[in-house]
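Q: I'd like a close look at a single part of this one. Could you walk me through it slowly, and then place it in the rest of the protein?

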Amino acid sequence: LPVDRKRYMLSDSSCKCIITSDEEFGQILDDESKNIRQVTEEDIFGTQNLAEPDDLCIASLEDIAYIIYTSGSTGQPKGVEISQKAISEHIYEISKQYGITSEDRFLQFSNFSFDPSIEQIFSTLTNGATLFLADDDLLHSDLIIEYLINQKITFFDTAPKFAESIFTDLFSNRQLSSQLSLKTLIVGGE
């Protein structure tokens with residue numbers, strides 16, 4: 001995303017804290033965002049204690065879980081607030097509908113800036129399943145088929161055009177398709 005768009009979203013959302021790299025934080029920081037707290041990977045995975053017990057807050061179901069920004073028909077992104085209740089109920093229903101268990105292996109394929117990533121991440125983790133994060137190399141069909149087989153992925157969620165490019169040839173090859181552990185293919189969006 002362009003820096004101006006990121007700055008707009010930070011301002012529009014009244015963001016108080018951002019999880020980002022030092023490089024990214026330096027690019028988006030301006031006078032309006034100087035009071036935003038930065039959290040880095042080191043903060044999350046390191047030994048630093050981010051919050052003392054008195055600093056922790058408990059979210060209610062009515063609280064906002066996240067804000068997703070649409071492209072906006074006016075050219076300005078439009079923030080849509082998603083409540084804790086809405087995302088909790090959605091994850092619960094998706095988990096039940098798809099029958100996700102702790103034995104499942106889900107390939108998280110959507111970009112983090114798109115809504116499907118929330119479903120992919122949290123439906124996996126709340127059920128104790130294993131989440132695999134896709135990298136850019138997997139955007140090539142030959143590599144992703146090998147990855148799906150080798151990692152024994154059971155859930156895969158992707159866009160229709162990408163699914164078509166992968167599975168049209170794959171399903172015509174019985175020997176190769178029989179090696180898949182895939183139990184659920186979710187195709188949507190675009």
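Does Thr154 count as buried or exposed?

A: Thr154 counts as buried, since its relative accessibility is 11% and the cut-off for buried is under 20%. Bear in mind that this is a predicted model.

Let's start with where it sits. Thr154 is in the loop between α6 (141-150) and β7. Leaving out residues up to four places away in sequence, Thr154 touches Asp104, Arg105, Ser181, Leu182, Lys183 and Thr184. One of those partners, Thr184, belongs to strand β8, which covers residues 184-187.

So on to the strands. β7 (residues 155-158) and β8 run parallel, joined by four bridges. Across that pairing, Asp157 stands opposite Ile186 of β8. Strand β8 has two faces: Thr184 and Ile186 make up the covered one, while Leu185 and Val187 are on the uncovered one. Those two uncovered residues turn up again at the surface, where Leu185 and Val187 join Phe171 in a nonpolar patch of about 260 Å². Phe171 comes from helix α7 (residues 160-172). With a relative accessible area of 47%, Phe171 is partly exposed, because that class runs between 20% and 50%.

Now back to the other side of the loop, to helix α6. Six aromatic pairs turn up in a search of the whole structure. In one of them, the ring centres of Phe132 and Tyr147 are 6.4 Å apart and the planes meet at 85°, so this pair is edge-to-face. Phe132 is in strand β6 (residues 130-133) and Tyr147 in helix α6, so the pair ties together parts 15 residues apart in sequence. Phe132 is itself buried, at 12% relative accessible area. There is also an aromatic cluster, formed by Phe109, Phe156, Phe162 and Phe167.

Stepping back to the whole protein, you have eight helices and eight strands. The C-alpha trace spans about 60 × 40 × 35 Å along its principal axes. Thr154 counts as buried, as do 29% of the 190 residues. Among contacts with a separation of 6 or more, 53% are between residues 24 or more positions apart. As for the outside, the accessible surface comes to about 12,600 Å², with 51% of it belonging to carbon and sulfur atoms.

Technical notes: Residues are numbered from 1 along each chain as its sequence is written. This is a predicted model: local features need pLDDT of at least 70, side-chain atom pairs count only at pLDDT 80 or more; totals for chains, interfaces and linings use all residues. Side-chain values use heavy atoms; hydrogens and water are left out. Buried means under 20% relative accessible area, exposed over 50%, partly exposed in between (1.4 Å probe, protein chains only). Two strands pair if DSSP finds at least two bridges between them. Patches are made of residues with over 30% relative accessible area and no salt bridge: like charges are joined within 9 Å, nonpolar side chains (Val, Leu, Ile, Met, Phe, Trp, Tyr) within 5 Å. Accessible areas come from the Shrake-Rupley method with a 1.4 Å probe; for residues, only the protein chains shown count as cover. A salt bridge is a side-chain nitrogen of Lys or Arg within 4 Å of a carboxyl oxygen of Asp or Glu. Contact means heavy atoms within 4.5 Å. Rings of Phe, Tyr and Trp (its six-membered ring) pair if their centres lie within 6.5 Å; planes under 30 degrees apart count as stacked, over 60 as edge-to-face and the rest as tilted.
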